[in-house]
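This report covers selected features of one protein chain. It treats salt bridges, a buried acidic residue, strand pairing and a loop.

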Amino acid sequence: MNVHHAHERRRRARGVQLALAVILGVLAAAFFRIQVLGSDAWELRATSNRIRQLPLLAPRGIIYDRYGEILVDNVPGYSITLLPGPLDEARETLERMSQYVDMSEQRIERTLATLSLYGREVVVDADADFEVVSVLEERRAEFPGLYVEMRPRRRYRLGDAAGHVLGYVGEISPEELESEAFSGDRYRQGVIVGKEGLEQQYEQRLQGRQGLRYLEFDARQRIVGDFAGARTDLGEPGEDLRLNLDMELQAWIHAIFPDSLSGAVVALDPSDGGVLALYSAPSYDPNDFVGGIGTELWAGLIEDEGIPLYHRAVVGTYPPASTWKLATAAIALDLGLVTPDEYMAEPCTGSYTFGRRTWRCHAAGGHGYNNLVEAIGNSCDVYFYQLGLRVTLDRLLRRATEIGFTRKCGIDLPVESRGTFPADRSFWEVTRGFMYTPGEGEVLNLAIGQGPNSQTPLKMAQFYVALAGDGTAPTPTLAQDADVGEGWSLDLAPEHLEILRDGLRAVTSPGGTAHFDTSLEYWEVLGKTGTGEDALSQAGLADEDAWFAGMAGPFGGPPEIVLVVMVEQGGSGGRTAGRIVAKAADFYLRKKYGIVIDSVQTYREHIMRGLEPAWHRDRYATGGGPE
């Protein structure tokens, strides 16, 4: 066959043309599928390489006190975020960043592990210093995938004066992300959540809805800036929270509490149970936790012998000592076992013998014969030993349990301890063994607030709210719109409540155990001292815990504030704890009635300045020098 023949050349040319047509047709179909049918997918892939989403944190809700003063708010801060990308490039970025930021190798590995686990952005520093931000911004080209942005930073205006009650915030942990409490679209890695106190209790209200911002990258994956083609979603700020707390009273209590001692102060509004102040010492500054607390500072808080993270007002339980004598008296009156003017069979000679044991009174010389009001005023142990025996152990256990001394108050905080008090005689069988049978003598210790009787300062404050009013005590609440639980009731006649208040009045009147440290110019203070013993104090290795529980208001009027102070190893309840109660009540009431506040408040403070105040001389015909 002649390949050069004209017909053969035309046949082969047609074959080549057909093959080219088929190839071009296949290419055209592929281009049509890619450019037309698949344009959306390829456009999305190209856009995703150029445009990325970044969550925009919304500010948490602001926390206000009862007068509208800001307790907690948000101020501008800076955060450094590492965006998703190859792990080797992310490691190089973090290692270069460590030249300007304190980034340990352990922290770098932890950041890379989080990036690998979640495949999304990781907050490297939630509270970066402005100097660090400036250095990184000047060298932005050296840190691909690193994004610096302004974020709301939590600010606690009272510092360590309100650390325990307000709590603090921190980045959500992997364990929290997996829990039901943090389910929903609002929570993801990097979100700031409440960790303690009110921040944790009202997390769902204070937490806002995250927004979105869009970042544009160039071909080398360097951040160009915000993408103007997409509208930024600013999210929604969290709901504000209004409290019953008095910001200035809380700060005042912090200022007057002995800085070398540990303890707690609770102040309640007797009209509704609103918490006016809730203080625990020593405390911590929640501002230190914003953006993540340093390792050394955290170790210092954990290792501190004063246990500053321990909320003594709500979690701590202590023998209430003589402040609990009012409960014994209330139960006896309620059961009709004593009359206000009745004397016990045996006078107080400084001790009381029951069975084979002698029980001491704090006054070695004794108090003689006392009626109920006098026994409260003198804090006579011998009177209450006999009153406890008259009530009997079983009835005291039953009524104290019914009143609520083994229940929590129900305050709106994440944690609260319940009191310790035997519900029945089986308590001793469990704690001391089945061979031990509790005798009637167990009631003697319980009647004076010792023995297996430990209460939180908050619980004792709730009890004194009942004494200050009609015998009922609502649940103590921090938030003004808190869903309150059931309170308690003493079920006492009004005349019996007045008798108990007369006993408290005797404590702070001239000759009472707390007169010099609780007598004020404008206000009447009623209260009860207490000296709580524990194993250390009984062994002579430490002072007793100092208690004072009481109430205050204008002379002749109902009490307008209830206060309980407990000072660990504070010694004298009247001198140490009573002074704090009086000064805090004076501050609160002066501010309420528009009277100028003075730092020299109590009768003792005036005497220590060398001059008896005219108001005290005019009020009491017979005075006397300080104790």
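## Salt bridges

R590 and D586 are both buried. In this predicted model, their side chains form a salt bridge with an N to O distance of 2.8 Å. Both residues belong to helix α22 (residues 573-593), where they are four residues apart, about one turn of the helix. Elsewhere, E498, R501, D502, R505 and E524 are joined into one network by salt bridges that share partners. Over the whole structure, 31 salt bridges are found.

A second pair within a helix is R398 and E402, whose side chains meet in a salt bridge at 3.6 Å, N to O. These two residues are four apart in helix α15, so about one helical turn separates them. R398 is partly exposed at 38% relative accessibility, and E402 is partly exposed at 43%. The salt bridge between R390 and E342 has its closest N and O atoms 2.6 Å apart. Because R390 lies in helix α14 (residues 381-391) and E342 in the loop between α12 (325-334) and β13 (351-354), this pair ties together parts that are 48 residues apart in sequence. R390 has a relative accessibility of 28% and counts as partly exposed; E342, at 24%, is also partly exposed.

## A buried aspartate

D412 sits in the loop between α15 (393-403) and α16 (426-432). What is the nearest side chain of opposite charge to this buried residue? It is R205, 7.5 Å away, and D412 has no salt bridge. For a salt bridge, the side-chain nitrogen would have to be within 4 Å of a carboxyl oxygen.

Polar contacts are present instead. The D412 side chain makes one with the side chain of Y202, at 2.6 Å. A polar atom of the D412 side chain also lies 2.8 Å from the backbone nitrogen of L478. Beyond four places in sequence, the residues in contact with D412 are L198, Q201, Y202, P476, T477, L478, A479 and A482.

## Sheet and strand pairing

An open sheet is built from five strands in the order β12-β11-β19-β18-β17, with antiparallel pairing. β12 (275-281) and β17 (523-532) are at the edges and have a single partner strand each, so one side of each lacks a neighbour in the sheet. On average, neighbouring strands of this sheet are turned by 10° against each other, direction ignored. Strands β11 (residues 262-268) and β19 (residues 561-568) pair antiparallel over seven bridges, with A264 opposite M566 in β19. Helix α10 (residues 247-256) packs on the sheet and touches β11, β12 and β19; its direction makes about 30° with that of β12.

Strand β3 (residues 70-82) runs antiparallel to β4, and four bridges join the two. L82 is opposite V122 in β4. Strand β4 (residues 122-128) is mostly covered, with six of its seven residues buried.

## The loop between β9 and β10

E239 is located in the loop between β9 (223-226) and β10 (241-242). Its relative accessible area is 43%, so E239 is partly exposed. E239 and L206 are 33 residues apart along the chain, and their C-alpha atoms are separated by 5.1 Å. Leaving out residues up to four places away in sequence, E239 touches G61, R205 and L206.

E236 also lies in the loop between β9 and β10 and is partly exposed at 45% relative accessibility. Not counting residues up to four places away, E236 touches A58, G208 and R209. E236 and L57 are 179 residues apart in sequence, with a C-alpha to C-alpha distance of 9.0 Å.

Terms used: Residues are numbered from 1 along each chain as its sequence is written. This is a predicted model: local features need pLDDT of at least 70, side-chain atom pairs count only at pLDDT 80 or more; totals for chains, interfaces and linings use all residues. Side-chain values use heavy atoms; hydrogens and water are left out. Buried means under 20% relative accessible area, exposed over 50%, partly exposed in between (1.4 Å probe, protein chains only). Two strands pair if DSSP finds at least two bridges between them. Lys and Arg count as positive and Asp and Glu as negative; His and the chain ends are not counted. A polar contact is a pair of N or O atoms within 3.5 Å; within protein, one must be able to donate a hydrogen and the other to accept it, and residues adjacent in sequence count only if both atoms are side-chain atoms. Contact means heavy atoms within 4.5 Å. Axes are lines fitted to C-alpha atoms, for helices over the stretch in contact, and angles run from 0 to 180 degrees between N-to-C directions.
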